Amino acid sequence: MSSFSILKSPPKPLFFVSNQLEKQFPASDLHVSQFINGQQFHKPSISKPFASTSSSINNKPITAITATQKIDKPLSSSSLMLSSVSEENLAFPIMVNGCTGKMGKAIIEAGVSAGLQVVPVSFGSESKSGQIVEVGVKEIHIYGPTRRENILTSLLNENPNMIVIDFTVPAAVNANAELYSKVGVPFVMGTTGGDREMLYNTVEDSKGYAVISPQMGKQVVAFIAAMDIMAEQFPGAFFGYSLEVIESHQASKLDPSGTAKDVIKCFQKLGISYELDQMQQIRNPEQQLEMVGVPEEHLQGHAFHVYHLTSPDKTVSFEFQHNVCGTSIYAEGAIDAAIFLAKKVQSKADRCIYSMIDVLREGNMR
Ligand SMILES: NC(=O)c1ccc[n+]([C@@H]2O[C@H](COP(=O)([O-])OP(=O)(O)OC[C@H]3O[C@@H](n4cnc5c(N)ncnc54)[C@H](O)[C@@H]3O)[C@@H](O)[C@H]2O)c1
Ligand SMILES: O=C(O)C1=N[C@H](C(=O)O)CCC1
């Protein structure tokens, strides 16, 4: 049984950004952005040193973000499900990198709903460096690519149980993983792309802990696991079949679907000859509306996949689809992955690298 401890006492702030960190890494010329109902609003920029225990913006303290603070939006059905664990007051903070992005915001909301605490510091792109982002009532200070090692080391010293959740961009995957591994902070890597082999090698060499998965949606992960089991048990079962794969994502997605790549690996084991560059990627909103049937309100955030198999004589066909609108399915899965990882770290598990299938197998589903 895991020795992971669950606090029963009332929630207490578990971390603070110290004056020392503030002095070391002042973030001058901070900008405040606010997200309301998914829309970003910019307030006039202000010159402000990095968060201190006594400083405030608009009279709001910015030193620590605790699970006791409320998100000022109605609870969705999914967040109601997550709120059932908030009473357990899970005792580790999360650092969410890429927090100005769609997933970053969703992770913060899901994490707070689950009773986790969010470190008020996030690594972002150069262009977002120096901004303060408000997500609900949370204020998160964004740091660009410089001085990250020192900042992360200081944060980890102050929050020794911290887990990083990374939903950034494919180009940042390897550098970020190297940084987390070097500093020794466990991480959940939800970001797709980059050099995946190098990613695994980096974590393995450092003997650090990580959950890595291009797909955190638990039901989609269960589908991939089922395909993998079929491929293991019946290799070559679809030999000679032809495969057509179409995936559609919001136009801002920078890479091909990482999920489809994993599913295609299963089809290859099942005997189908298919190259990744045959996959059809749809990023054009007009096509998404007309061809794919994406609801208009989800053009900015969806992941639709269809895999069509046809027998050599064309008398038999199979079709698999998984269509996701929005981000909540991934955010909930990523929080489950962080909780799973915290338990592995706490119990000093021998194995260090995990997938979402491991998270599902251990039944860490709330
Ligand atoms: N594993 C999953 O289940 C899952 C689900 C959804 C999205 N994703 C992946 O997560 C990633 C992010 O998706 P999104 O929809 O939130 O994208 P997004 O474009 O909305 O957000 C990306 C964020 O990364 C930040 N960023 C850019 N460069 C950075 C850098 N060098 N360091 C740190 N941050 C940087 C951006 O400022 C932005 O805040 C993508 O790779 C996407 O494919 C994975
Ligand atoms: O929206 C995205 O980007 C997604 N990326 C992942 C992938 O590439 O498979 C998971 C689905 C959403």
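The following paragraphs lead through a predicted model, from its overall composition to its domains, its core and the surroundings of its ligand.

The chain comprises 366 residues, of which 40% are buried. Its secondary structure consists of 11 helices and 17 strands. Among contacts with a separation of 6 or more, 71% are between residues 24 or more positions apart.

The domain assignment divides the chain into two parts. Domain 1 is assembled from two segments, 19–216 and 328–361, whereas domain 2 covers 218–325. Within the bounds of domain 1, UniProt lists residues 93–215 in an unreviewed entry as "domain: Dihydrodipicolinate reductase N-terminal". This span is 37% helix and 25% strand, and the C-alpha atoms at its ends lie 22 Å apart.

Where the two domains meet, 13 residues of domain 1 are in contact with 13 residues of domain 2. On the side of domain 1 that touches domain 2, the elements giving two or more residues are α10 and α11, the latter spanning 356–361. By residue class, this side of domain 1 holds seven nonpolar, four polar and two charged residues.

Helix α10 also figures in the interior. The largest nonpolar core has 82 residues, and its largest share, 11 residues, is supplied by helix α10, residues 328–346. Both domains take part in this core, with at least three residues drawn from each of domain 1 and domain 2. Which residues have the most contacts inside the core? They are Ile163 and Ala338, and Ala338 falls within the residue range of helix α10.

The surroundings of Ile163 can be followed residue by residue. Neighbours within four places in sequence aside, Ile163 is in contact with Phe92 and Ile94, with Pro186, Phe187 and Val188, and with Ala338, Leu341 and Ala342. The two core residues named above, Ile163 and Ala338, are thus in contact with each other. Leu341 and Ala342, like Ala338, lie in the range 328–346 of helix α10, and Ile163 is in contact with each of these three residues.

The ligand site remains to be described. Ligand 1 is surrounded by 29 residues, and the closest are Gly98, Gly101, Met103, Ser125 and Met216. Helix α3, residues 102–113, provides the largest share of this shell, namely three residues. The shell around ligand 1 divides into 16 polar, 10 nonpolar and three charged residues.

Notes: Residues are numbered from 1 along each chain as its sequence is written. Chains are lettered from A and ligands numbered from 1 in the order in which they are written. This is a predicted model: local features need pLDDT of at least 70, side-chain atom pairs count only at pLDDT 80 or more; totals for chains, interfaces and linings use all residues. UniProt positions are given in the numbering used here, feature names are shortened, and annotations may be inferred rather than shown by experiment. Helices (H or I, at least four residues) and strands (E, at least two) are DSSP runs, numbered from the N terminus. A nonpolar core is a set of buried Ala, Val, Leu, Ile, Met, Phe, Trp, Tyr and Cys residues joined through C-beta atoms within 7 Å. A residue is buried if 20 or more other C-beta atoms lie within 10 Å of its own, exposed if 12 or fewer, and partly exposed in between; C-beta atoms are placed from the backbone. Domain bounds come from an automatic or database domain assignment. Two residues are in contact if their C-beta atoms, placed from the backbone, lie within 7 Å. Ala, Val, Leu, Ile, Met, Phe, Trp, Tyr, Cys and Pro count as nonpolar, Asp, Glu, Lys and Arg as charged, and the others, Gly among them, as polar. A residue is near a molecule or strand if its C-beta atom, placed from the backbone, lies within 6 Å of it.
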